[in-house]
Amino acid sequence: MLDNVIVIPYRNRKTHWEYFLKNTVPLIENKLPNSKIVVVEQNEGNLFNRGAVLNIAFAEFKSKTKYYITNDIDINPTEKCIEQYFFPEVPDNTVKGIYTSHCNTLGGIIKISDILIHKINGFPNNIWGWGCEDKALQNRSEYYNIKKETNMTNNKQHPEYLQRFDDVNDRERVNVSKNNQIHYDQFKRLTAEQKLHTIQESGITNIKYKILEKKEVHPIVEWLKVELSE
């Protein structure tokens, strides 16, 4: 069994990936033994769906790793970050926000056990376009009373821990208002029974996808190109 699977959701970020491969992959290889990096690339066609892309990795590696670390492609941890934040064990019933939003969500870099991510059924599969999958994951964690331990938030600069690319203007924002309404406003007004139904009806257990290509691009890096079904 692996200790960690680092999952990178990906589409059309070649420059970011080249930097990550050259600078970050060697650090992870050195500092996180018995770990694998999995890049999940969504093919063209539908709007990008970060949550569903991550769910594919959770489904493919179920019971094959102790922990998952989600890592957006434009965030590159330094050696200091990896030593201090990646390596320690995460306490039971805790998700670690290694570098996440100050808005009480679980995006960016988080570390969560295989057991917990499957308990909460991962992310919803129906968040197409930019935004809110990190809030949806926070909602699910809170429903199951999972504790959140935050190390860093993205409202501050952390150059000694992270090298970040400036955000690029390719985010598909057509559904932002709808996604905000569902996951920030509507979910909190649901009954406990309705919340459970919402969590169970969309997530890892029922994601629909096809693996178009699987390849090894580095001794510790597996690349999956996938097609998502709506």
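User: What makes strand 6 (residues 109–113) count as mostly covered?

Analyst: In this predicted model, five of the five residues of strand 6 are buried. Buried means under 20% relative accessible area. The cover applies to both faces: Ile109, Lys111 and Ser113 are buried on one side, and Ile110 and Ile112 on the other.

User: Why do the residues of strand 6 fall into two sides?

Analyst: In a regular strand the side chains alternate between the two faces of the sheet. Ile109, Lys111 and Ser113 make up one side of strand 6, while Ile110 and Ile112 make up the other.

User: How do you know that strand 3 pairs with strand 6, and in which sense do they run?

Analyst: Pairing needs at least two bridges between the strands. Strand 3 and strand 6 are joined by five bridges and run antiparallel, so they count as paired. Tyr68 stands opposite Ile112 of strand 6.

User: What about strand 5 and strand 6?

Analyst: Strand 5 (residues 94–99) pairs with strand 6 over three bridges, also in the antiparallel sense. Against a minimum of two bridges, three are enough. Gly97 has Ile110 in strand 6 as its bridge partner.

User: Why is helix 2 (residues 50–60) called mostly covered?

Analyst: Nine of the 11 residues of helix 2 are buried. The buried ones are Arg50, Gly51, Ala52, Val53, Leu54, Asn55, Ile56, Ala57 and Phe58.

User: Why does Glu41 have no salt bridge?

Analyst: The nearest side chain of opposite charge to Glu41 is Lys225, 4.5 Å away. A salt bridge requires the nitrogen and the carboxyl oxygen to be within 4 Å, so Glu41 and Lys225 do not qualify. Glu41, which lies in strand 2 (residues 35–42), is nevertheless buried.

User: What does the side chain of Glu41 join in a polar contact, and which residues does Glu41 touch?

Analyst: The side chains of Glu41 and Trp223 are joined by a polar contact of 2.9 Å, under the limit of 3.5 Å. Leaving aside residues up to four places away in sequence, Glu41 touches Tyr10, Trp223, Leu224, Lys225 and Val226.

User: How many salt bridges does the rule give, and what makes Asp3 and Lys66 one of them?

Analyst: The count comes to nine. For Asp3 and Lys66 the N to O distance is 3.4 Å, and the cut-off is 4 Å, so the pair is a salt bridge. Asp3 is in strand 1 (residues 2–10) and Lys66 in strand 3 (residues 65–71), 63 residues apart.

User: Why are Asp3 and Lys66 called partly exposed?

Analyst: Partly exposed lies between 20% and 50%. Asp3 has a relative accessibility of 25% and Lys66 one of 40%, so both fall in that range.

User: What makes Lys31 and Glu79 a salt bridge?

Analyst: Their closest N and O atoms are 3.2 Å apart. Lys31 belongs to helix 1 (residues 14–31) and Glu79 to helix 3 (residues 79–86), so the bridge ties parts 48 residues apart in sequence. Lys31, at 21% relative accessibility, is partly exposed, as is Glu79 at 37%.

User: Is Asp74, the partner of Arg164, buried or exposed, and how do you know?

Analyst: The salt bridge between Arg164 and Asp74 has its closest N and O atoms 3.8 Å apart. Arg164 lies in strand 8 (residues 162–164) and Asp74 in the loop between strand 3 and strand 4 (75–77), so parts 90 residues apart in sequence are tied together. Asp74 has a relative accessible area of 5% and is therefore buried, whereas Arg164, at 33%, is partly exposed.

Note on methods. Residues are numbered from 1 along each chain as its sequence is written. This is a predicted model: local features need pLDDT of at least 70, side-chain atom pairs count only at pLDDT 80 or more; totals for chains, interfaces and linings use all residues. Side-chain values use heavy atoms; hydrogens and water are left out. Helices (H or I, at least four residues) and strands (E, at least two) are DSSP runs, numbered from the N terminus. Buried means under 20% relative accessible area, exposed over 50%, partly exposed in between (1.4 Å probe, protein chains only). Lys and Arg count as positive and Asp and Glu as negative; His and the chain ends are not counted. A polar contact is a pair of N or O atoms within 3.5 Å; within protein, one must be able to donate a hydrogen and the other to accept it, and residues adjacent in sequence count only if both atoms are side-chain atoms. Contact means heavy atoms within 4.5 Å.
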